[in-house]
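This report describes the fold, core and surface of one protein chain. The sequence and structure come first, and the description follows.

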Amino acid sequence: DDRPGVIKTGVAVGGLHSLQRAQLQQCDILVATPGRLLQHVDERAISLQGTHFVVIDEADRMLDLGFEPQLRRIARALGRRQQ
């Protein structure tokens, strides 16, 4: 849907992998766990290079649970515009 003001969302979950690819490549907002997001990046199903914003909910908890390597990989996948 290319109507002005329409926001396309996507959710990266397990299963339904081939159905997700088209949806994820065209969404404006993507909700994903760090692992699932990195899986799609690794498989080149999506690119984070054009990403404007990333929200990491519970990042402090993720760091406490040992997810620092995954969060660093996501930051690197964003390219130079990371903050």
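Accessible areas here come from the Shrake-Rupley method with a 1.4 Å probe. On that basis the protein exposes about 6,400 Å², and carbon and sulfur atoms supply 52% of this area. The model is a predicted one.

**Fold**

The protein has four helices and two strands. Read from the N terminus, the elements follow the order β-α-β-α-α-α. Of the 83 residues in the protein, 23% are buried. Among contacts with a separation of 6 or more, 31% join residues 24 or more positions apart.

**Core**

The largest nonpolar core holds 10 residues: Ala12, Leu24, Leu37, Leu38, Val41, Ile46, Leu48, Ile74, Ala77 and Leu78. Two or more of these residues come from each of α2 (34–42) and α4 (68–77). The element that gives the most is α2, with three residues. Leu78, one of the core residues, touches Leu48, Gln49, Thr51 and Val54 when residues up to four places away in sequence are not counted. Of these partners, Leu48 also belongs to the core.

**Largest pocket**

The largest pocket contains about 810 Å³ of space. Its lining consists of 24 residues, and Leu30, Val31, Thr51, Phe53 and Val54 are the ones nearest the centre. Thr51 and Val54 are also among the residues that Leu78 touches. At least two lining residues come from each of α1 (17–25), β2 (29–32) and α2. The largest share is that of β2, which supplies four residues. The element α2 thus appears in the lining of the pocket as well as in the nonpolar core. By residue class the lining divides as follows.

| Class of lining residue | Residues in the lining of the largest pocket |
|---|---|
| Nonpolar | 16 residues |
| Polar | six residues |
| Charged | two residues |

**Backbone in the loop between α2 and α3**

Which residues in the loop between α2 and α3 (59–64) have a positive phi although they are not glycines? Arg44 has a positive phi of about 60 degrees, and its place is in this loop. Glu58, also not a glycine, has a positive phi of about 60 degrees and is found in the loop between α2 and α3. Arg44 counts as exposed because its relative accessibility is 73%, and the cut-off for exposed is over 50%.

Notes. Residues numbered from 1 in each chain as written. Predicted model: local features only at pLDDT ≥ 70, side-chain atom pairs only at ≥ 80, totals over all residues. Heavy atoms only, no water. Core = buried A, V, L, I, M, F, W, Y, C linked by side-chain atoms within 4.5 Å. Buried < 20%, exposed > 50% of the residue type's maximum accessible area, 1.4 Å probe, protein only. Contact = heavy atoms within 4.5 Å. 1 Å grid on protein atoms, 1.4 Å probe; cavity = no way out; pocket = protein on both sides within 12 Å on 5 of 7 lines; lining within 4 Å. Points joined across faces, edges and corners; volume = space filled by probe spheres on them. Nonpolar A, V, L, I, M, F, W, Y, C, P; charged D, E, K, R; others polar.
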